[in-house]
Amino acid sequence: MRREIDWLTDKAEQAPGETFLIQGDEPLSYLEVAERVADRVAVLGDRSGTQLVVKPRMDVESVVELLAVPMTGATAVVVAPERPDTAFLVEQAFSDQRPAHTILFTSGSSGEPKGVRLSADNWDSAARASAEHLGHRSGQRWLCVLPLHHVGGLSIIYRALFGGGAVVLESDPDRAARWLDRVEWASLVPTQLHRILSKRTDSFTSSPRVLLGGGPADSVLIERGLAAGLEVLGTFGMTETTSQVATAQ
C-alpha cells in the first residue's frame with residue numbers, strides 16, 4: 001500500500017506549483033513541502049524499527065515532521081506539545097513494540113488516554129473513503145483548526161494530501177472565521193464553531209462545508225451555523241477508525 005510520501009512525491013511531480021500548506025500569508029507548494037520533508041528525512045537518517053516522539057503545533061514545521069518520521073522507518077508517536085502527562089503516554093507507547101506508522105492517543109473521555117496504533121493502510125483507506133463519501137477533490141482547501149496531535153486534525157492533512165487539496169493551518173478563532181469564506185471544507189468541534197460564529201456578524205457567502213463532531217452539538221448551534229451560510233454536516237469518528245465513521249450528507 002502506498003504511503004503518504006508517495007502521494008506527496010506524486011503531487012510534487014504532477015503539479016509542483018500547486019499549494020499544499022498555508023500558514024498565515026505564506027503558501028507552500030507541493031514541491032516545496034516535498035523538499036522540506038526530504039531534507040528532514042536525510043537529517044533523521046534510517047530509524048527503522050524505532051519510535052520517535054512528535055509534539056506537533058499548528059505550523060508547517062510540525063507537518064513536515066509528521067510526514068518525515070514514518071519515512072525513516074520509525075513509528076511517529078504523536079503527543080500534545082504541552083500535555084502534563086506526556087511521559088506517561090510515551091512510556092505506554094514504547095511498551096508495545098509492534099510496528100506501526102503512527103501512534104495517536106484517544107481523548108481519555110472514558111478513562112486514561114489509550115495509544116492507538118495506525119498503519120499506512122489505515123491512513124490510505126480512511127482518506128480514500130472520505131474522498132468517495134464527501135466528494136472533496138483536487139484544488140479544494142481544508143481549514144485545519146483541530147490540533148494535529150488528534151486524529152481529527154491529522155486526518156485533514158492526509159485527506160488533502162490524498163486528494164490533491166490544500167490545508168490552511170490556523171488555530172486563532174478570529175482568523176479562522178475569516179478563512180471560512182476562502183475554503184471549501186472545515187472540520188470543527190462544537191466549541192470551535194461557537195467561537196467562530198461569535199466572531200462573525202455577517203454570513204459566509206461561499207457556503208463552506210463544516211464537518212461538526214467530537215462531541216454533542218445542540219440544535220441551536222447547528223441552526224446558527226446554517227443561518228450563517230455554513231453547510232453543517234454532523235460527523236462521528238474515533239481514533240481507532242482513523243477519524244471518520246459516519247458523516248451526514
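**Note on H136 and helix α6**

1. A polar contact, meaning a pair of N or O atoms within 3.5 Å in which, within protein, one must be able to donate a hydrogen and the other to accept it, with residues adjacent in sequence counting only if both atoms are side-chain atoms, joins the side chains of H136 and S130 at 2.9 Å. The side chain of H136 also reaches the backbone nitrogen of A131, at 3.4 Å.

2. This is a predicted model, in which local features need pLDDT of at least 70 and side-chain atom pairs count only at pLDDT 80 or more, while totals for chains, interfaces and linings use all residues. Residues are numbered from 1 along each chain as its sequence is written, and side-chain values use heavy atoms, leaving out hydrogens and water.

3. H136 lies in the loop between α5 (120-134) and β7 (141-144), where helices (H or I, at least four residues) and strands (E, at least two) are DSSP runs numbered from the N terminus. With 6% relative accessibility, H136 counts as buried, a term for under 20% relative accessible area, with over 50% called exposed and partly exposed in between (1.4 Å probe, protein chains only).

4. Beyond its neighbours within four places in sequence, H136 is in contact (heavy atoms within 4.5 Å) with S130, A131, W142, R159 and W185. R159 is also listed among the buried residues of α6.

5. Of the 13 residues of α6, 12 are buried, so this helix is largely enclosed by the rest of the structure. Just after α6, G164 takes a positive phi of about 85°.
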